[in-house]
Amino acid sequence: MGNIDNLNDRLGSGEVVIIDGGTGTEIPRRGVSLCPDTWSGRANLTHPDVIRQIHEDYISVGAEVIITNTFWTSRKGLEKGNLGSKTFEINNIAVKLAIEARKNVKSDREIFIAGSMSTCFPMSDPNVIPSYKEALENYREQAQILAESGIDFFVLEMLIRTLDARAAAQAASEVGLPIWVGYSITESADGVLYLGLREDKHGTETIADAVEAVRDIRGVSALCIMHSDVKHTQAGLKILRENTSMPIGAYAHSIEPSKDPNDEWETVVKSSVEEYCNHARQWVLAGATIVGGCCGVTPDHIQGLSTN
């Protein structure tokens, strides 16, 4: 396992740490279809070599944090693809693949494994509020599996409701590992940034609300803007910096979401490596010390970040 104190010291000193890019969008780029019901999770069972190779490629180009392929692999998420009975196996395999990748690639940097847990269902509508009790139970199971399988810390991703953030952070806190919390943001028609996924899919919770939701939860050590449009990320970071003194980070899309309201995941516009790196420089100027990528971001993008 990585020495998490070293990582925290680096972030605390203002050093920039490079994390990996997208996994879910990298899988089909390598010829493996995503499961429409479980996103990338099924691939841990059906194509483990592809998942391991994705992690290895990110390490090879300079990523220092590898995020497990467990974005959609809570029991509730896997049940949508009739894989609920495989909850332990799929999460455990995901961590093992990341650990194997770390062992397989020689690096002069210390490599850390972050266990991903994402927003509750429904994942695409922030206005539908799940039961806190059910969310907490769902997160507790996944957090325990990830921790026992060997992650170094948690990264909570694509959070679009403060309820989800509180439940996921509480579950992770009970395990005792550090926690990075990642919020997705979008801009409303009147120009206000809210938690959400698109202009027509957001609630009324702000970034300040998001910070407050996890402020008193033990173990939360960094806050990020992630799975968000590059053009909103810098503004979001500035608000984040105004509301917290802990390390902040950014890992955005290199894409723009489809304008089709019935199409949740289609990528329609890609950013070049140069364009993405130009955005990332602005994120660092805004205070980000954690920088990487989400959907559409490839090893090429991460290599660009690492060398620039």
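**Exercise 1. Find out how covered strand E13 is, and which strands pair with E13.**

Step 1. Strand E13 spans residues 288–293, and 6 of its 6 residues are buried, where buried means under 20% relative accessible area with a 1.4 Å probe, protein chains only. Strands here are DSSP runs of E with at least two residues, helices are runs of H or I with at least four, and both are numbered from the N terminus.

A word on the source: this is a predicted model, in which local features need pLDDT of at least 70 and side-chain atom pairs count only at pLDDT 80 or more, while totals for chains, interfaces and linings use all residues. Residues are numbered from 1 along each chain as its sequence is written, and side-chain values use heavy atoms, leaving out hydrogens and water.

Step 2. Two strands pair if DSSP finds at least two bridges between them. Strand E1 (residues 17–18) runs parallel to E13 and is joined to E13 by 2 bridges; Ile18 stands opposite Val291.

Step 3. Strand E10 (residues 248–252) is also parallel to E13, with 5 bridges, and here Ala252 faces Gly293.

**Exercise 2. Place these strands in their sheet and find a helix that packs on the sheet.**

Step 1. The open sheet has 8 strands with parallel pairing, in the order E1-E13-E10-E9-E5-E4-E3-E2.

Step 2. At the edges lie E1 and strand E2 (65–67), each pairing on one side only.

Step 3. Look next at E9 (residues 220–226): 4 bridges join E9 to E10 in parallel, and Ile225 stands opposite Ala250.

Step 4. Helix H8 (residues 162–175) packs on the sheet, touching E3 (112–118), E4 (153–159), E5 (179–183) and E9. The direction of H8 makes about 170° with that of E4; such angles run from 0 to 180 degrees between N-to-C directions, with axes fitted to C-alpha atoms, for helices over the stretch in contact.

**Exercise 3. Explore the largest nonpolar core and the surroundings of Trp283.**

Step 1. A nonpolar core is a set of buried Ala, Val, Leu, Ile, Met, Phe, Trp, Tyr and Cys residues joined through side-chain atoms within 4.5 Å. The largest has 71 residues, and Val214 and Trp283 have the most contacts inside it.

Step 2. H8 gives the most to this core, with 7 residues.

Step 3. Contact means heavy atoms within 4.5 Å. Leaving aside neighbours within four places in sequence, Trp283 touches residues including Val230, Leu237, Ala250, Ala252 and Val291.

Step 4. A second, separate core of 28 residues includes Phe112, Leu197, Met226 and Tyr251.

Note on methods
Buried < 20%, exposed > 50% of the residue type's maximum accessible area, 1.4 Å probe, protein only.
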